[in-house]
Amino acid sequence: MGHAYLYRCDHCGFTESFNQGHGFLVHSQEVSDYLGQRTRIFHYKTHNLLKALVQTSNNPHLKAGFQIYKCPKCKTLFDKIEVTVYENEKVIHKSEFRCKDCRSRLKLTNIHRLKKAICPRCKKRTFHRDTVQHQLWD
């Protein structure tokens, strides 16, 4: 179960939905179970890394879910599928993301405390959450 948050720009009217949480396809599971599925959900580099980890690790388990990130320089928001791989409760891989504009490492953000962000279209600090448009998804 997850949440979809709609953000709207007061300046240009641009809207974008950001997902957070776990869904039907994106959830915690054994890495071998994920690799046995027909559908590839993750980025191809993550998928290839998971295939390599199955060869070298003893029964790795992955935890995956949508998270909302913010660029510390651009202040732009991104929703990404965060993948963390565990072996015997020890983290052996964690996803890291970079901003598509400035290449800075993205930081996980608390969507509930975030007041305003930079609009991806007009680049003004008028991008905020539309509190009326909050949805649950699965």
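This is a short tour of the structure, one selection at a time.

**Before you start**

The model is predicted, so local features are given only where pLDDT is at least 70 and side-chain atom pairs count only at pLDDT 80 or more, while totals for chains, interfaces and linings use all residues. Residues are numbered from 1 along each chain as its sequence is written, and side-chain values use heavy atoms, with hydrogens and water left out.

**Stop 1: the whole protein**

Show the C-alpha trace, which spans about 50 × 30 × 25 Å along its principal axes. Then switch to a cartoon, where the protein has 2 helices and 8 strands. Helices (H or I, at least four residues) and strands (E, at least two) are DSSP runs numbered from the N terminus. Read from that end, the order is β-β-β-α-α-β-β-β-β-β.

Of the 138 residues, 41% are buried. Buried means under 20% relative accessible area, exposed means over 50%, and partly exposed lies in between, with a 1.4 Å probe and protein chains only. A contact means heavy atoms within 4.5 Å. Among contacts with a separation of 6 or more, 56% join residues 24 or more positions apart.

**Stop 2: strand β4**

Select residues 61-70, which form β4. Because 8 of its 10 residues are buried, β4 is largely enclosed by the rest of the structure.

Which strands pair with β4? Two strands pair if DSSP finds at least two bridges between them. Add residues 29-30: this is β3, antiparallel to β4 over 2 bridges. Here E30 has H61 of β4 as its bridge partner. Next add β5 (77-87). β4 and β5 run antiparallel and are joined by 10 bridges. Finally add residues 107-108, strand β7, which is antiparallel to β4 and joined to it by 2 bridges. Y69 has L108 in β7 as its bridge partner.

In a regular strand the side chains alternate between the two faces of the sheet.

**Stop 3: A64 and the core**

Select A64, which stands opposite V83 in β5. Leaving aside neighbours within four places in sequence, A64 is in contact with H22, V26, H27, S28, F42, I81, E82 and V83.

A nonpolar core is a set of buried Ala, Val, Leu, Ile, Met, Phe, Trp, Tyr and Cys residues joined through side-chain atoms within 4.5 Å. The largest such core has 13 residues, and F42, L50, L62, A64, I81 and V85 have the most contacts inside it. At least two residues of this core come from each of α1 (31-36), α2, β4 and β5. Apart from this core lies another of 12 residues, including F14, L77, I111 and F127.

**Stop 4: L53 in helix α2**

Select L53, found in helix α2. Is L53 buried or exposed? Its relative accessible area is 12%, so L53 is buried. Not counting residues up to four places away in sequence, L53 touches P60, V85, I92 and H93. For a distance across the model, pick L53 and K80: they are 27 residues apart in sequence and 21 Å apart in space, C-alpha to C-alpha.

**Stop 5: three loop residues**

Select K75, in the loop between β4 and β5. These strands form a hairpin with 6 residues between them. K75 has a positive phi of about 65° although it is not a glycine. With a relative accessible area of 30%, K75 is partly exposed.

Move to K123, in the loop between β7 and β8 (127-137). Phi of K123 is near 65°, also a positive value in a residue other than glycine. K123 is partly exposed, at 47% relative accessible area.

Then select C12, in the loop between β1 (2-9) and β2 (15-21). C12 counts as partly exposed, at 31% relative accessibility. Beyond its neighbours within four places in sequence, C12 is in contact with C119, R121 and C122.

**Stop 6: the largest pocket**

Select H43, K45, T46, E96 and F97, which lie nearest the centre of the largest pocket among its 15 lining residues. On a 1 Å grid over the protein atoms alone, a pocket is an open set of points where a 1.4 Å probe fits, with protein on both sides within 12 Å along at least five of seven lines; lining residues have an atom within 4 Å of a point. The space in this pocket is about 420 Å³, a volume being the space filled by probe spheres set on the points, which are joined across faces, edges and corners.

Both α2 (44-56) and β5 supply at least two residues of the lining. By class, the lining has 6 nonpolar, 4 polar and 5 charged residues. Here Ala, Val, Leu, Ile, Met, Phe, Trp, Tyr, Cys and Pro count as nonpolar, Asp, Glu, Lys and Arg as charged, and the others, Gly among them, as polar.
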